[in-house]
Amino acid sequence: MLFDLTGKTALVTGTSGGLGAAMAIGLAEAGASVVAISSSNSNSTVEAVRAIGGQIEQISADLSKADTLESVFERAVGCFGKIDILVNNAGIIRRTPAADHSAKDWQDVIDLNLNSVFYLSQLAGRHMLERGSGKIINIASMLSYQGGINVPGYTASKHAVAGLTKALANEWAGRGVQINAIAPGYMTTNNTAPITADEARYKSITERIPAGRWGSPDDLKGPVVFLASAASDYMNGHVLNVDGGWLAR
Ligand code: NAD
């Protein structure tokens, strides 16, 4: 029962594919109703949740537009009447060397990967603090710890997501709202498609992963259900690495 999410509503961002789709389906499998927000709609996520008898509503929104987030959040609350779990997953990456990194690439990444995470956490946080309970799960990265190459905006945003997770946890842990993060390792999605397409780089990364393989989006189902459920009620401000051992090496 510790992992049961029956009666809970989870708002998951970036659900049209990749990690967000798998986490939305995993939360529904654990019993949660899901509000799925993405810049583009995905019938496959909706169909997968409905196929297991789950409840899901989909909202199409560009979360990088900060001035629209309040109304998007209100629509999300309206779907099932409340939000118990927020998974801040939507994110983008722009790969250009730092010396050539354009102001637009920098801003686009910061707007979505960092600003939307703070503003949505603030909106959900107020809603959860009023009710004295809630779970917020941010999606960090190996680049919350490491520097990466050619992705300065992404690295800055993901370091900031780890810091924000701790900052909000300090303020809200005593008021019934747990905030933690998941830091995925190398997972096969659109985000990493340029790396998987580069045979030499793919091979060298795979060889460095102790588990000997890249992660699949389904590898995040268990960790997200854990952090969304009562099983993690005494965890606050933690960044949970789901990386096949990458950081242990
Ligand atoms: P993805 O590109 O497959 O999915 C990204 C999702 O975000 C999509 O559903 C897309 O529709 C949505 N999105 C993009 N721009 C948006 C916007 N402006 N407004 C609303 N939604 C928007 O990527 P993914 O690999 O599934 O990444 C999900 C998260 O995991 C990201 O935060 C990413 O940084 C993080 N991450 C991924 C990996 C990996 O190896 N794939 C590793 C570490 C962290």
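## A walk from the core to the rings

Of the 29 residues in the largest nonpolar core, start by selecting L5, L27, V87, I137, I182 and V224, which touch the most other members. Keep in mind that you're looking at a predicted model.

Now colour the elements that feed this core. At least two residues come from each of β1 (9–13), α1 (18–29), β2 (33–38), α2 (43–51), β4 (85–88), β5 (134–139) and α8 (221–228). Which of them gives the most? That's α1, with 6 residues.

Zoom in on L27. Skip its neighbours within four places in sequence, and you'll find L27 in contact with L5, A10, V12, A32, V87, V224, V225 and A228. Then pick I59, F73, L123 and I136: these are among the 28 residues of a second, separate core.

Next, hide the side chains and show the strands. You should see an open sheet of 7 strands, ordered β3-β2-β1-β4-β5-β6-β7, with parallel pairing. Which strands stand at the edges? Select β3 (56–60) and β7 (239–242): each has a single partner strand, so one side of each is left without a neighbour in the sheet. Look along the sheet and follow the twist, which averages 20 degrees from one strand to the next.

Stay at the β3 edge for a moment. β2 and β3 run parallel and are joined by 5 bridges. Bring up I37 there, and you'll find it opposite I59 in β3.

Time for the helices. Select residues 103–131, helix α4, which lies across β1, β4, β5 and β6 (177–184) and runs at about 175 degrees to β4. Then go to helix α5, residues 152–172: this one packs on the sheet too, touching β5, β6 and β7, and its direction makes about 160 degrees with that of β6.

Last stop, the aromatics. The whole structure holds 5 aromatic pairs. Select F118 and Y119 to see one with ring centres 5.6 Å apart; the planes are at 55 degrees, and edge-to-face would need over 60, so this pair is tilted. Are these two buried or exposed? Each is in between: F118 is partly exposed at 30% relative accessibility, and Y119 is partly exposed as well, with a relative accessible area of 35%.

Finish by selecting Y186, Y202, W214 and W246, a cluster linked by ring pairs. Add R208 to the view: its charged end sits over the ring of W246, 3.8 Å from the ring's centre.

How values were computed. Residues numbered from 1 in each chain as written. Predicted model: local features only at pLDDT ≥ 70, side-chain atom pairs only at ≥ 80, totals over all residues. Heavy atoms only, no water. Phe/Tyr/Trp six-rings, centres within 6.5 Å; stacked < 30°, edge-to-face > 60°. Buried < 20%, exposed > 50% of the residue type's maximum accessible area, 1.4 Å probe, protein only. Lys NZ or Arg CZ within 6 Å of the ring centre and 35° of its normal. Core = buried A, V, L, I, M, F, W, Y, C linked by side-chain atoms within 4.5 Å. Helix = DSSP H or I, 4+ residues; strand = E, 2+ residues; numbered from the N terminus. Contact = heavy atoms within 4.5 Å. Pairing = 2+ DSSP bridges. Axes fitted to C-alpha atoms, helices over the stretch in contact; angles between N-to-C directions.
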